[in-house]
Amino acid sequence: MSIGIIGAGSIGGAVARALARARIRAVISNSQGPASLQALADELGPSITAGTREEAARAELVFVVVNWSKLPSALKGLPPWNGRIVIDANNPIEAPLFRPADLGGRASSEVFAEWVPGARVVKAFNHLPPALVAGDPRAEGGRRVLFYSGDDRHAKAKVGEIIERLGFFGLDLGSLAIGGRLVQFPGGPLPTHNFVRFD
Ligand SMILES: NC(=O)c1ccc[n+]([C@@H]2O[C@H](COP(=O)([O-])OP(=O)(O)OC[C@H]3O[C@@H](n4cnc5c(N)ncnc54)[C@H](OP(=O)(O)O)[C@@H]3O)[C@@H](O)[C@H]2O)c1
């Protein structure tokens with residue numbers, strides 16, 4: 001399955017690092033173009049390629065990891081999603097004010113889903129700081145837990161497979177409306193906790 005990453009900052013870079021460690025191929029992109037990401041791609045090795053936003057968006061599974069207020073422009077004008085899987089790793093809050101976005105009472109992933117019409121959205125990779133996403137998921141002697149939520153069972157299964165291939169323990173939290181809220185930051189009870197599963 002081809003993988004793209006839109007957003008190459010703290011969390012996008014951490015996702016790329018985790019994929020690179022597992023030798024999973026991915027195209028990473030930002031707003032400034034591939035040349036600005038060449039050093040990162042060189043550092044991460046041959047499985048990670050710097051590409052354009054459009055190239056990343058054409059993958060079968062696309063991580064989106066962009067500051068909340070910039071998501072509409074980052075997702076504008078891309079090819080139709082046609083049921084491809086999009087991982088929403090975003091939180092509806094950002095520096096410097098850290099004022100939660102007004103979501104009108106909805107889960108943030110339900111709002112996010114409107115910016116990627118036709119995509120199968122899975123919320124994941126949003127609840128830990130970058131160092132724990134990029135770091136060894138077995139560092140504490142078990143497997144670090146990553147949560148995932150979504151409304152499409154097949155899309156969730158694919159994301160669950162990738163989480164396991166990366167060495168994490170994947171935990172399905174249910175729908176975007178329910179699971180998405182549990183893992184939402186701010187507001188949900190799960191974010192920032194580094195849960196470890198001992199087999
Ligand atoms: N940092 C955390 O601890 C953390 C943890 C979990 C989840 N998150 C969530 O992850 C998301 C990203 O956070 P971050 O900390 O990684 O932010 P960040 O370090 O500021 O990185 C944001 C990235 O988004 C890219 N971007 C902005 N506008 C874009 C556009 N129009 N097209 C393509 N790329 C664009 C930026 O590229 P340019 O630099 O080229 O503009 C940059 O690579 C946020 O929603 C945040 O809530 C963050």
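The following exchange between a visitor and a guide concerns a predicted model of one protein chain.

Visitor: What radius of gyration does the protein chain have, set beside that of a compact globule?

Guide: The C-alpha atoms fill a box of roughly 40 × 40 × 35 Å along the principal axes, and the chain holds eight helices and nine strands. For 199 residues, a compact globule would have a radius of gyration near 16 Å, and the value for this chain agrees with that, being 15 Å.

Visitor: What share of the contacts with a separation of 6 or more joins residues 24 or more positions apart?

Guide: Buried residues make up 53% of the 199 residues in the protein chain. Among the contacts with a separation of 6 or more, those between residues 24 or more positions apart account for 66%.

Visitor: How far apart do the centres of the positive and negative side chains lie?

Guide: The protein chain exposes about 9200 Å², of which carbon and sulfur atoms supply 54%. As for the charged groups, there are 22 positive and 18 negative side chains, and the centres of these two sets are separated by 1 Å.

Visitor: Is Ser 29 buried or exposed?

Guide: Ser 29 is found in strand β2, which spans residues 26–29, and beyond its sequence neighbours up to four places away it touches residues including Ile 5, Ile 6, Leu 37, Thr 52 and Ala 56. Its relative accessibility is 0%, and since the cut-off for burial is under 20%, Ser 29 counts as buried.

Visitor: Which residue lies 6.4 Å from Val 145, C-alpha to C-alpha, although 52 residues separate the two in sequence?

Guide: Val 145 has its place in strand β7, residues 143–150, and at 5% relative accessibility it counts as buried. Leaving aside neighbours within four places in sequence, its contacts include His 127, Leu 128, Phe 169 and Phe 195. The residue at 6.4 Å, 52 residues away in sequence, is Arg 197.

Visitor: Why is the pair of Phe 112 and Trp 115 classed as it is, edge-to-face or stacked?

Guide: The count of aromatic pairs comes to four. In the pair of Phe 112 and Trp 115, the ring centres are 6.4 Å apart and the planes stand at 80°; because planes over 60 degrees apart fall in that class, the pair is edge-to-face.

Visitor: Which residue joins Phe 112 and Trp 115 in one aromatic cluster?

Guide: Phe 112 is buried, with a relative accessible area of 0%, whereas Trp 115 is partly exposed at 26%. The cluster that contains both of them is completed by Trp 68.

Visitor: Which proline follows Phe 185 through a cis peptide bond?

Guide: Most peptide bonds are trans. The bond from Ala 95 to Pro 96 is cis, with omega near 5°, and Pro 96 is placed in the loop between β5 (85–88) and α5 (108–113). The bond from Phe 185 is likewise cis with omega near 5°, and it leads into a residue in the loop between α8 (179–182) and β9 (196–197), namely Pro 186.

Visitor: What is the phi of Thr 192?

Guide: Most residues other than glycine have a negative phi. Arg 23, in the loop between α1 (10–21) and β2, has a positive phi of about 60° although it is not a glycine, and at 70% relative accessibility Arg 23 counts as exposed. Thr 192, in the loop between α8 and β9, is exposed with a relative accessible area of 53%. Its phi is also positive, near 80°.

Technical notes
Residues are numbered from 1 along each chain as its sequence is written. Side-chain values use heavy atoms; hydrogens and water are left out. Helices (H or I, at least four residues) and strands (E, at least two) are DSSP runs, numbered from the N terminus. Buried means under 20% relative accessible area, exposed over 50%, partly exposed in between (1.4 Å probe, protein chains only). Contact means heavy atoms within 4.5 Å. The radius of gyration is taken over C-alpha atoms; the globule rule is 2.2 Å times the number of residues to the power 0.38. Accessible areas come from the Shrake-Rupley method with a 1.4 Å probe; for residues, only the protein chains shown count as cover. Lys and Arg count as positive and Asp and Glu as negative; His and the chain ends are not counted. The place of a charge is taken as NZ of Lys, CZ of Arg, CG of Asp or CD of Glu. Rings of Phe, Tyr and Trp (its six-membered ring) pair if their centres lie within 6.5 Å; planes under 30 degrees apart count as stacked, over 60 as edge-to-face and the rest as tilted.
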